[in-house]
Each structure stands twice: as C-alpha cells, then as structure tokens.
Amino acid sequence: KEERKKMINIRNVRPAIEKLFVIPNKAGEVVPFKLNNIQIDIDASRTGRDDILKFRQGGATSYIMAYFLVECMYTYTRAVMIAHDKEHTERLLARAQFYLQKMKGVKPRLRKSNDQEIVFQKTHSSLYIGTAGSRQFGRSDTITHLHCSEVAFWKNAKDLCKGLFQAVPHQTGIIIKESTANGMGTWHHHQYIKALQGTSRFKPHFYGWQDFDEYQSTTPKNFIPTPDEIELMLSFGLSTSKLQFRREKIADDFDGDEDAFRQEYPLTIKEAFILSGGSLFEGVERTETSRWSKMFSPHGGACFALKDHPMKVAHYVLGSDTAGGTGRDYSTIQIFCVETGEQVLEYRTNTKKPPEFANVVVYFGLKYNTAYIVVESNQHGLSVLSVIREQYTSGRIYKEVRYQKVNSILRPIINYGLKMTAVSKPFIVGLIQKYLRDVLTIYGIQTATELQEFTETESGKLEGPVDDLVIGVGCACVGLQKETQRLALLPSRSEIKEPVDKNARETSCTFEDIMSRIKAKREQDWFEDQHAAIL
C-alpha cells in the first residue's frame, strides 16, 4: 500500500497505471496497460489546463480515465468525464468498470457503482461519467478533475463549458479538453487558437497520426514512393512503413478517398481544422511583410498599419463595424488601398463609446486622403454615422438610396451606412470571397484569423466566434466596389510605380489618357442623371 502511494505524482502517474491496470488491445486481447508514446507524452507534458487536438484512436481518453481512477483511489477526488453523446458515455462507463474489475491486486471497495457514477468508499472520491448537457453543475459543486471528451462535437459547447469550468477550483483544479477537429470558426477552434497564441491558460497539444508509433505497416520489397509521398517524406519525415500504412488505410478503409483519410488522420493543425469543416473564406492566408507593424494611435486601441501609406495620389476605402464600447464586442476599422488592394490599416477597440469611435473613424478617414467610408449601420452604427456626417464630406460616406412613391411621384430616400441583414449579408460574404481571390492582400494576423474562423453554422447563420474585423472587411469591399466604378478615370494599378517616398508617387499615365477617361466618366454620369430624372 505504501509502495502504491509513492507512485502517485501530479506530474507522472505512468508507473501507477502500468502497475495496476490491464486493457484490451486492438486485437481484442487483454494485455498489461503499457502507455503508448502519445500517452507517455500527455502524461509528461500536461499542466492542469490542457487542450488536446488529435487524430482518432490514439489512446488519449484511455489514459485520462486511468489517470482519474488512480487519483480517485489514493486521494479525495471529484472527477467528471463528459462525452458528446449517450453512446460514448456508455462506452466510457463500461471502460471504467473494466479497469476496476480486472485491476491487479486488491480491488478498491466501492460504495456505489451505477450507470453514471462510481463512488470509492475509503477515499470518498467519485467518478461521474455523463453526456454533455444532461446535468447542470451548480455553484455548490466542486470538480477537482474534469475531462471534456470530443468537445468539438458538443452542442452549445461554449455555454456548457462555461458552467462546468466554474465548478473547478481556479488554482488546483484539473481540466483536460480533448477532441478531434470539427471545422473552423467553431468555439472549439477559437479556443484552441487562443491556446496556441498564448492568450489563455490552456496549453495546446497536437498529435498527428505520424506521431503514433503503432501506425506502420510492412513495406513490400517493390515499394516505390509517388511524388506526393516523397514530398511527405521530406516535409514530415515519414518512413516507408508509415507511407505503406497510409496507402492501406486509403485503399481499404476510405475507398481511395485521400481527403477522407486526411480528415480522420491529419498531419498538421491547419489540415485538421480545414478538412473537418471549412471556413467560408477557405485558403485565406496572411502575407508576411516587414512593412506591417504596430502603430501608435492617438485615440488608443490596437492599431497596425502598412508603411509607405497613405500615398499622395492613391485612393482608400474604410470599412467599419461598430459596437457599444462595453468591452464585449469590438469596434473595428479596416482600410484598403484602391490601387494596390493592400490592407493598409487594422484597428479595433472594445472600450470606446459610439461618439468617441466616430471621431476615430473621421481621424483615419481624413488621414488616408479622405477615404471613402462604409459604416455598418445596424444598432450603434446609426449614432456613429450621425457624428461622422457632421465632420466628414457627405459625398465620401456610403449611402443607400431607395425610392418611395409619394402622391404618384417617386421620391428618393437616402439612408447613410450599410445595413447588414439576412439578405445583404450573403451578398457581402460573396463579395469578400471574390475580392480575397482576385484583389486583396491581407497583412493583419487578427484579420486573417477571423476570416479563417468565419463559417456557416448549423442554423444557417454566417458568423465566427469573433467576426468584427470580418464585417469591417465586408464594408470595405462594398466601398472598393463603389470606388473602382467611380474612379474609372484613374490610372490602372499596373501604371503606378513604386513610391519614391511616402508622399510622392509617379505614374506613366499621359494627359491624353486622363482626359479620355474624364470624358468617358462624364458621359456615364450624364447617362445616370438622365436615368434618375426619368425615374
């Protein structure tokens, strides 16, 4: 008994697990529980707040259950394991009972063992196994060890985890989230990215199938790698025995569907999320450049900008999403250069009230050559627009015009700002997709992240966990569409050379070219005026 107590350690319970438990292997044989290399790494590297992204059937759940049982047997523990559906809950319970029934040596005395909970008589510990959402844990509950299994597949994972985490002691409690990926833009994806960026307490762990020692097959003598396989060997160090395992899986289990294999057995974090459920802006990448850097803003907030801008002869569009300044949502500004398609500024703040934020929009709009401004007019946008209209050239603010019949006469009604509705939002998303493919260059890390996470939910909503910068991009794209139509007289992008300095720029456009374009523009304006008069 004393020897067993010595084996228990918060950092390493491997000796206890291997000495006490047996486990059925994949051939159905009951064998001593010897940790595989993935389980050994989890045991050695866990911190108490862990977020594990993995391929299927690597043994993470088997290890976590054995770890929790060891804790329950030797110290007071209130362990909870939550699965994503009833079937997996039943499997977890059967596995826990198997571990205890087949355990080597003296079996622990149980006070209770039913279809949800195992209670240990001597330590007064318990292991509760349930389905996500089936039980509410109140403020009076205390969970010392929490395992959220396949959390990416929980319905309403954000709210469920919020309630569960409140029952876990902040300093001493153990929380392990573990899951295969289930698409980008989800709460699970957002939380994992935060862990990667170091902005949460959770430590990210990733295990690709290439990390698992068991995934190998005997290589035939005539094995010749394909060009794609050679690339995998060079990029990930895959051996021929691992490539043979991959070939057999693709051929036998996935009927030749390589993408289906990659979804279940990803090699990288990016591959895991992209293949398991796509972003509406799939493939968007941030362009690395030393020209993009954090910039001081006299108004506070997080501001990043591109050097060499604003340029004297360039034109800019500014898209803005607005919030209440209460700390919950962000007010954002996105500025793009019409001539180059580059993102030149990314700004966001969650503390400025709408009138204060309106001043920020005006400041950056004027700084960038009186940029064409498109502000989302929903909710707080109306108060932001009312301030902007007092300080800014009205012709440089996006407006929507509709006609209403009054006394048999069609009269125009002008509404400033861009109304985001169930009808307009899909159109704007499509516009972003088009411009990302053909025009835009994204430099902002946060912008790229939000675009990657933006998706269509099961209920049909177009959104991301945080999407304020995406809405700003959408507004800017509407501005780009308007400005490129209006500025038909300007030189094309190919005619604009690299800047000599930040305030000067040469063009190869001749006077005759400009005059011909002005003439064409005037003819177009005349046609539109006549059309409006007829209406």
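Here is a short tour of a predicted model, stop by stop.

Start with helix H5, residues 86-101. Put a distance between its end C-alpha atoms and you should get 23 Å; 16 residues at 1.5 Å each should span 22 Å, so the two agree. Now show the side chains: Thr 89, Leu 92, Leu 93, Ala 96, Phe 98, Tyr 99 and Leu 100 of H5 are buried.

Next, colour the aromatics, since the structure holds 23 aromatic pairs. Pick Phe 261 and Tyr 265: the ring centres are 5.1 Å apart and the planes sit at 20°, so this pair is stacked. Phe 261 is buried at 1% relative accessible area, and Tyr 265 is buried too, at 5%. For another geometry, hop to Tyr 363 and Phe 364, an edge-to-face pair with 5.0 Å between centres and 70° between planes. Here Phe 364 is buried at 0%, while Tyr 363 is partly exposed at 30%.

Go back to Phe 261 and Tyr 265 and add Phe 55, Trp 209, Phe 212, Tyr 215, Phe 245 and Phe 254: ring pairs link these residues into a cluster.

Two charges over rings come next. Select Lys 177, which lies over the face of Phe 202 at 4.2 Å from the ring centre. Then try Arg 348, over the face of Tyr 330 at 4.0 Å.

Last stop: the one cavity of 30 Å³ or more, with about 40 Å³ of space. Select Met 420, Lys 425, Ile 428, Val 429, Ile 432, Phe 454, Val 470, Ile 471 and Gly 474 to see its lining. Helices H14 (424-438) and H16 (468-486) each give two or more of these residues, with H14 supplying the largest share, four. By type, the lining is seven nonpolar, one polar and one charged.

Notes
Residues numbered from 1 in each chain as written. Predicted model: local features only at pLDDT ≥ 70, side-chain atom pairs only at ≥ 80, totals over all residues. Heavy atoms only, no water. 1 Å grid on protein atoms, 1.4 Å probe; cavity = no way out; pocket = protein on both sides within 12 Å on 5 of 7 lines; lining within 4 Å. Points joined across faces, edges and corners; volume = space filled by probe spheres on them. Nonpolar A, V, L, I, M, F, W, Y, C, P; charged D, E, K, R; others polar. Expected span 1.5 Å × (residues − 1). Buried < 20%, exposed > 50% of the residue type's maximum accessible area, 1.4 Å probe, protein only. Phe/Tyr/Trp six-rings, centres within 6.5 Å; stacked < 30°, edge-to-face > 60°. Lys NZ or Arg CZ within 6 Å of the ring centre and 35° of its normal.
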